[in-house]
Amino acid sequence: MTSPPFLSSPATGKPTRRERLLAARELSVGLGCRLRESPVDQLAIGDSAHGVFFLSDTTRNTSVAVKIHRTPEKGRREHEALRRARRNGLTALIPAFNAAVDVPGVNGTFLVTVTMPGLSPLTTTDWAGSGDWSGYVGEDAYLGRIALTLESTSRHIARMHQHLTHGDLQLKNIGTALDAPVDGYVTYDLEGSAFKEDCCGDQDGRDYLARCGEDLSTYVRSLISKGFLARSSTEVFEGELLTRIIEPYLEAGGDPRIFDGTLIETCVDAHRFRDR
């Protein structure tokens, strides 16, 4: 009895070990090296539905991150989005190939990007409070580290929104790296992105602003889910939302029309009802 050519994880569609081995072989040919699976967990992305994995050839100093898309069109779209983001001056992950890669025996396509040293998602930040701070506003650690991270991230999002919206702006999809020359932030996971330059007419413009608001709402909800100011009152949270997120966003060129609706109220309510 022969084995079927495709045995995906039924729950998530993550690549199986066999598919990872097939990818390693195909990509090795394309890159002219001998890639093997690497234990490096650069993106701390174990909760990713895509099951990102890493391949490297230490003798050639070659390392790539590999992400499977079961729907090939999504892989091609994200590949092009990364290239467009870089053309717009954002520090995005660098595709290792000129297109998403199809591998014989695998149902889907692989997005392959060059590993960026020191890339760290914001999920690694201690948002809930432990160690040298207890999770309250006013502590030295909050003012000297957490607040500064909030402000710089908000400025980064504003600069990103001048060109594109992300579509899934959770903390795991916002990364920092020493090699990011513009503002220290790296853009990735752009399968759901939309570009401002593609907007035509008033309705497209309104839709783009709505997507900007969705990005900010997703970001704030992700912060709350990681325990940000969970021990503080919603009034304190609202003050920090305005001071550390919205004001820096606007100062960096964010469009104030994003806040014409109920975005601020929605974010505040997310904190107020966080335990329900």
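**Exercise 1. Glu240 and its contacts**

Task: Find the residues that Glu240 contacts beyond its neighbours within four places in sequence, then decide whether Glu240 is buried or exposed.

Solution:
- Start with the contacts. In this predicted model, Glu240 is in contact with Val137, Tyr142, Leu229 and Ile245, leaving aside neighbours within four places in sequence.
- Place the residue. Glu240 belongs to helix α5.
- Check the accessibility. Glu240 has a relative accessibility of 10%. Buried means under 20%. Glu240 therefore counts as buried.

**Exercise 2. Ile264, a second helix residue**

Task: Repeat the analysis for Ile264: which helix holds it, what does it touch, and how does its accessibility classify it?

Solution:
- Locate it. Ile264 sits in helix α6.
- List the contacts. Not counting residues up to four places away in sequence, Ile264 touches Leu241, Leu242, Ile246 and Phe259.
- Classify it. The relative accessibility of Ile264 is 24%. Partly exposed covers values between 20% and 50%, so Ile264 counts as partly exposed.
- Add a distance. Gly184 is 80 residues from Ile264 in sequence. In space, their C-alpha atoms are 27 Å apart.

**Exercise 3. The second largest cavity**

Task: Describe the second largest cavity by volume, lining and residue class.

Solution:
- Take the volume. The second largest cavity holds about 30 Å³ of space.
- Read the lining. Leu216, Val220, Leu241, Ile245, Ile246, Phe259, Leu263 and Cys267 line this cavity.
- Recall the earlier contacts. Ile245 is also in contact with Glu240. Leu241, Ile246 and Phe259 are also touched by Ile264.
- Assign the helices. At least two lining residues come from each of α4, α5 (234-251) and α6 (263-272). The largest share, three residues, belongs to α5.
- Sort by class. The lining has eight nonpolar residues, no polar and no charged.

**Exercise 4. The largest cavity**

Task: How many cavities of 30 Å³ or more does the structure hold, and what lines the largest cavity?

Solution:
- Count. The structure holds two cavities of 30 Å³ or more.
- Take the volume. The largest cavity has about 50 Å³.
- Read the lining. It consists of His156, Ile157, Met160, His166, Leu169, Asn173, Ile174, Val186, Thr187 and Tyr188.
- Assign the elements. α3 and β8 (185-187) give two or more residues each. α3 gives the most, with three residues.
- Sort by class. Six lining residues are nonpolar, four are polar and none is charged.

**Exercise 5. The second largest pocket**

Task: Characterise the second largest pocket: its volume, its central residues and the class make-up of its lining.

Solution:
- Take the volume. The second largest pocket has about 230 Å³.
- Find the centre. The pocket has 17 lining residues. Lys196, Tyr208, Leu209, Asp255 and Arg257 lie nearest its centre.
- Assign the helices. α3 (140-161) and α4 (201-225) each supply at least two lining residues. The largest share, six residues, comes from α4.
- Sort by class. Seven lining residues are nonpolar, five are polar and five are charged.

**Exercise 6. The four-stranded sheet**

Task: Work out the strand order of the open sheet of four strands. Then explain why one side of β1 and of β4 is left without a neighbour in the sheet.

Solution:
- Set the order. The strands run β1-β2-β3-β4, with antiparallel pairing.
- Find the edges. β1 (36-38) and β4 (109-114) each have a single partner strand, so one side of each has no neighbour in the sheet.
- Add the twist. Neighbouring strands are turned by 40° against each other on average, direction ignored.
- Check the first pair. β1 and β2 (residues 53-57) pair over three bridges in the antiparallel sense. Here Arg36 stands opposite Ser56 in β2.
- Add the helices. Helix α1 (residues 17-31) packs on the sheet and touches β1, β2, β3 (62-69) and β4. The direction of α1 makes about 40° with that of β2. Helix α2 (residues 72-87) also packs on the sheet, touching β3 and β4. The direction of α2 makes about 20° with that of β4.
- Check another pair. β3 and β4 pair over six bridges, again antiparallel. His69 stands opposite Thr109 in β4.
- Finish with burial. β4 is mostly covered, with five of its six residues buried.

Terms used: Residues are numbered from 1 along each chain as its sequence is written. This is a predicted model: local features need pLDDT of at least 70, side-chain atom pairs count only at pLDDT 80 or more; totals for chains, interfaces and linings use all residues. Side-chain values use heavy atoms; hydrogens and water are left out. On a 1 Å grid over the protein atoms alone, a cavity is a set of points where a 1.4 Å probe fits but cannot get out, and a pocket is an open set with protein on both sides within 12 Å along at least five of seven lines; lining residues have an atom within 4 Å of a point. Grid points are joined across faces, edges and corners, and a volume is the space filled by probe spheres set on the points. Ala, Val, Leu, Ile, Met, Phe, Trp, Tyr, Cys and Pro count as nonpolar, Asp, Glu, Lys and Arg as charged, and the others, Gly among them, as polar. Two strands pair if DSSP finds at least two bridges between them. Axes are lines fitted to C-alpha atoms, for helices over the stretch in contact, and angles run from 0 to 180 degrees between N-to-C directions. Contact means heavy atoms within 4.5 Å. Buried means under 20% relative accessible area, exposed over 50%, partly exposed in between (1.4 Å probe, protein chains only).
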